[in-house]
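Biologist: Got a minute to go through this one with me? I'd like to start with the metals and then wander around a bit.

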Amino acid sequence: MLIELGLLAAGAVAGGAAVWLKRRRGSPEVVEPGPTDELRAVLDTMQLGVTVTNPDGMIIYTNPADAKMHGYTPDELIGKPGSVFAPPTARKTVTTGELPNLQSWRREGMNLRKDGSVFPVRLRTDIVRDPTGKVHGFVTICEDITDEQRVREAEAAGSLHDPLTDLANRTFFLELVSRAIRRAERHGDYHFAVLHLDFERFKLINEGLGHDAGDELLTEAAERLKLAIRPNDVAARLAGDEFAILLDALRTPGDAGVVAERMIAGLDAPYAVQGREIYLTPTIGVAYGGSSRLDAEQYLKDARSAMYSARSAGRNLYGVFEETVRRRATQRLQLETDLRKALDDHEFRAVYQPIVDLPSGRTVAFEALVRWHHRDRGVISPVEFIPAAEDTGLVVPMGWWMVEESCRQLTAWRTEFPGAELAISVNLSVRQLRQTRLVDRIVELLASSEIPSSRLKLEVTESMLMNDADAQIAMLRRLREAGISVVIDDFGTGYSSLSYIQRFDFDVLKIDRSFLPEGDGPEGWDIVRMIIGLARDKRAAVVAEGVETEHHANKLRELGCDWGQGYLFARPLDPDAATARLRAEFGNR
Ligand code: C2E
Ligand code: MG
Ligand code: MG
């Protein structure tokens with residue numbers, strides 16, 4: 001999570017700084033709004049270091065955190081080369097001509113303080129370009145990772161790692177798989193895979209050449225494994241010659257096969273041990289993880305049995321745990337069949353979660369959330385069935401039903417509570433956003449239900465805007481021209497940078513709940529503060545999701561967040577409960 005936050009910060013600041021750079025140079029082509037005091041305030045209070053250098057590598061800005069981290073005051077650094085932060089051995093010159101296709105680069109290393117001491121850092125540099133591609137400067141985000149490093153070392157010394165190969169050990173691996181399972185339960189589109197790997201005839205080598213040779217081989221194999229995986233994946237040694245790999249955040253399940261093949265290719269090459277050339281034959285079993293209710297051990301078992309069947313089939317390759325695939329495929333098929341009937345059988349219901357005005361505590365809107373009352377399985381969460389509904393296209397009629405139902409409910413509330421000036425927020429799916437008739441249909445619906453268009457808000461997620469941006473920009477514009485508010489939902493989770501999001505027009509930014517810190521201390525609010533600043537730049541309102549504690553509400557109020565939504569105020573309510581809440585608040589006329 002820490003890394004994700006770091007990336008968001010880097011992207012957002014890089015975008016903001018680009019505008020700022022252009023203004024400092026007094027360039028006449030600048031039409032965008034300049035940085036606000038909020039943005040400056042964010043840079044001043046941020047824990048991460050931010051340094052801006054010009055195309056010649058000279059520092060033109062550094063925030064207080066960065067200066068302090070390196071033992072300087074910001075003024076001392078202006079005009080110095082950015083390389084003052086690098087120990088002499090690590091200095092290297094990059095000319096702008098060498099950067100034709102590069103957007104940014106990341107690295108970990110040691111940085112130099114003014115007093116000559118060094119400390120570990122994680123760096124990300126973004127290149128700021130003008131629309132013609134000319135380099136205007138560089139923005140570097142610097143994070144002191146001394147603590148993280150200490151944890152890493154402690155882990156390595158402690159019981160989480162395998163001493164021989166330095167890979168994760170079994171205990172640690174199972175813990176990481178459990179985390180992936182929890183994540184998959186929360187996010188329907190998160191997929192992972194557990195791979196089990198071992199070597200054929202390894203015992204023979206151990207017995208024939210001795211354990212030292214065996215250990216040497218295992219160490220070398222572990223190194224090769226590390227090369228085959230991505231930074232977020234985890235390789236572990238379970239015991240003897242048994243390894244396991246967790247592939248994190250797979251785009252498609254098929255990607256696990258690609259990694260497995262890459263591993264096999266890497267491990268297949270001959271090993272030089274004690275003056276001999278030795279070949280190892282790896283076999284890999286794959287178990288895919290999704291939102292099913294297996295535990296970590298079970299995934300490992302599935303992967304291992306896939307490996308055995310691949311081996312007994314005589315293939316020096318990998319096998320996929322058929323049972324998992326089959327089970328999941330049948331489950332999915334069943335879900336899709338049931339989904340088709342759900343609409344006709346009236347199994348969808350809308351629940352409504354209040355959105356309150358933070359300064360006054362007044363209910364100003366409700367977010368409509370769909371629930372599926374399955375006849376056998378009870379209430380199914382949208383996290384579980386929206387992905388299937390997307391794939392089958394059923395999300396379109398279901399989503400349309402939600403829009404109609406929400407408008408019907410709003411009309412009823414407007415009649416009963418005319419003074420309340422309520423709005424309703426409805427989630428849209430990608431497929432819906434692509435419907436050419438969407439805007440017309442909504443406008444017709446609003447007219448027939450006598451709802452002013454400003455009372456309807458449509459939520460789209462940041463990740464929906466990542467593909468096909470031009471078409472989406474046009475669609476959002478049409479919605480806004482019709483007077484309907486556009487809300488960017490789950491903001492901050494889609495990895496888009498400020499400069500990317502600047503291209504879209506929207507009325508409200510909704511801060512994803514993962515950005516609200518858990519404890520009740522003052523720290524951890526940098527990102528929220530930055531998002532609020534960003535919304536101000538775009539003249540958009542901000543709503544925070546997942547407000548669970550009084551501390552959240554107070555802090556958000558203090559930061560100037562407009563609205564809040566979360567369990568502190570209310571869980572999603574069925575229509576009767578929502579109406580009861582309104583009666584208590586606005587009185588029964
Ligand atoms: P979302 O639009 O970001 O909705 C917010 C989710 O956060 C809801 O989960 C809500 O119950 C939950 N939540 C609200 N306050 C809190 C809190 O204080 N703490 C915690 N931990 N959670 C809180 P829900 O209802 O399960 O919906 C999940 C997602 O499913 C929604 O995320 C949305 O992306 C999607 N979804 C829901 N209804 C619809 C719909 O009608 N159409 C479409 N396309 N998607 C929908
Ligand atoms: Mg939403
Ligand atoms: Mg959300």
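**Metals, ligand and a few side trips**

Modeller: Asp-490 is partly exposed, with a relative accessible area of 23%. Keep in mind that this is a predicted model.

Biologist: OK, and which atoms coordinate the magnesium ion (ligand 3)?

Modeller: The magnesium ion (ligand 3) is held by Asp-489 (OD), Asp-490 (OD) and Glu-545, the last listed twice through OE, at 2.0 to 2.7 Å. Along the chain those donors are spaced D-D-x54-E. Asp-490 sits in strand β18 (residues 485–491) and Glu-545 in strand β20 (residues 541–545), so this pair ties together parts that are 55 residues apart in sequence.

Biologist: Is Glu-545 buried or exposed?

Modeller: Glu-545 counts as buried, because its relative accessibility is 10% and the cut-off for buried is under 20%.

Biologist: What does Asp-489 do between the two magnesium ions?

Modeller: Asp-489 bridges the magnesium ion (ligand 2) and the magnesium ion (ligand 3), and the two ions are 4.3 Å apart.

Biologist: Then what are the protein donors of the magnesium ion (ligand 2)?

Modeller: For the magnesium ion (ligand 2) they are Glu-367 (OE), Asn-427 (OD1), Glu-459 (OE) and Asp-489 (OD), at 2.0 to 2.3 Å. The spacing of these donors along the chain reads E-x59-N-x31-E-x29-D. Asn-427 belongs to strand β16 (residues 423–427) and Glu-459 to strand β17 (residues 456–461), so that pair links parts that are 32 residues apart in sequence.

Biologist: How do Asn-427 and Glu-459 come out on burial?

Modeller: Asn-427 has 27% relative accessibility, so Asn-427 counts as partly exposed. Glu-459 is at 2%, so Glu-459 counts as buried.

Biologist: What does the side chain of Glu-459 make a polar contact with?

Modeller: The partner is the side chain of Ser-425, at 2.9 Å. Leaving out residues up to four places away in sequence, Glu-459 also touches others, including Glu-367, Asn-427, Val-487, Asp-489 and Lys-510. Two of the names there, Glu-367 and Asp-489, are donors of the magnesium ion (ligand 2) as well.

Biologist: Let's switch to ligand 1. How many residues surround ligand 1, and which are the closest?

Modeller: There are 24 around ligand 1, and the closest are Arg-371, Asp-489, Arg-513, Glu-548 and Tyr-567.

Biologist: Which polar atoms of the protein pair up with ligand 1?

Modeller: Here are some pairs. A nitrogen atom of ligand 1 is 3.1 Å from a polar backbone atom of Val-370. An oxygen atom of ligand 1 is 2.7 Å from an N or O atom in the Arg-513 side chain. An oxygen atom of ligand 1 is also 3.1 Å from an N or O atom in the side chain of Glu-545, and Glu-545 is a donor of the magnesium ion (ligand 3) too.

Biologist: How much of ligand 1 does the protein bury?

Modeller: The protein buries 86% of the 800 Å² that ligand 1 exposes when taken alone. Two or more residues each come to the shell from β14 (363–374), α12 (382–392), α13 (395–416) and β18. Of these, β14 gives the most, with 4 residues. By type, the shell divides into 11 nonpolar, 5 polar and 8 charged.

Biologist: New topic: which residues are buried in helix α19 (residues 550–559)?

Modeller: In α19 the buried ones are His-551, His-552, Ala-553, Lys-555, Leu-556 and Leu-559. They pack against α18 (526–537) and β20, and β20 is the strand that holds Glu-545. After α19 comes Gly-560, with a positive phi near 90°.

Biologist: And where is His-70?

Modeller: His-70 is in the loop between α3 (64–69) and α4. At 0% relative accessibility, His-70 counts as buried. The His-70 side chain makes a polar contact with the side chain of Asn-111, at 3.0 Å. Beyond the neighbours within four places in sequence, the contacts of His-70 include Phe-85, Leu-112, Phe-119 and Cys-142.

Biologist: Last one: where does Ala-86 sit?

Modeller: Ala-86 is in the loop between α4 (74–77) and β3 (104–112). With 16% relative accessibility, Ala-86 counts as buried. Met-110 is 24 residues away from Ala-86 along the chain, yet their C-alpha atoms are separated by 7.4 Å.

Technical notes: Residues are numbered from 1 along each chain as its sequence is written. Chains are lettered from A and ligands numbered from 1 in the order in which they are written. This is a predicted model: local features need pLDDT of at least 70, side-chain atom pairs count only at pLDDT 80 or more; totals for chains, interfaces and linings use all residues. Side-chain values use heavy atoms; hydrogens and water are left out. Buried means under 20% relative accessible area, exposed over 50%, partly exposed in between (1.4 Å probe, protein chains only). Donors are N, O and S atoms within 2.8 Å of the metal (3.2 Å for Na, K and Ca); water is not among the atoms, so sites may look incomplete. A polar contact is a pair of N or O atoms within 3.5 Å; within protein, one must be able to donate a hydrogen and the other to accept it, and residues adjacent in sequence count only if both atoms are side-chain atoms. Contact means heavy atoms within 4.5 Å. A residue is near a molecule or strand if one of its heavy atoms lies within 4 Å of it. Accessible areas come from the Shrake-Rupley method with a 1.4 Å probe; for residues, only the protein chains shown count as cover. Ala, Val, Leu, Ile, Met, Phe, Trp, Tyr, Cys and Pro count as nonpolar, Asp, Glu, Lys and Arg as charged, and the others, Gly among them, as polar.
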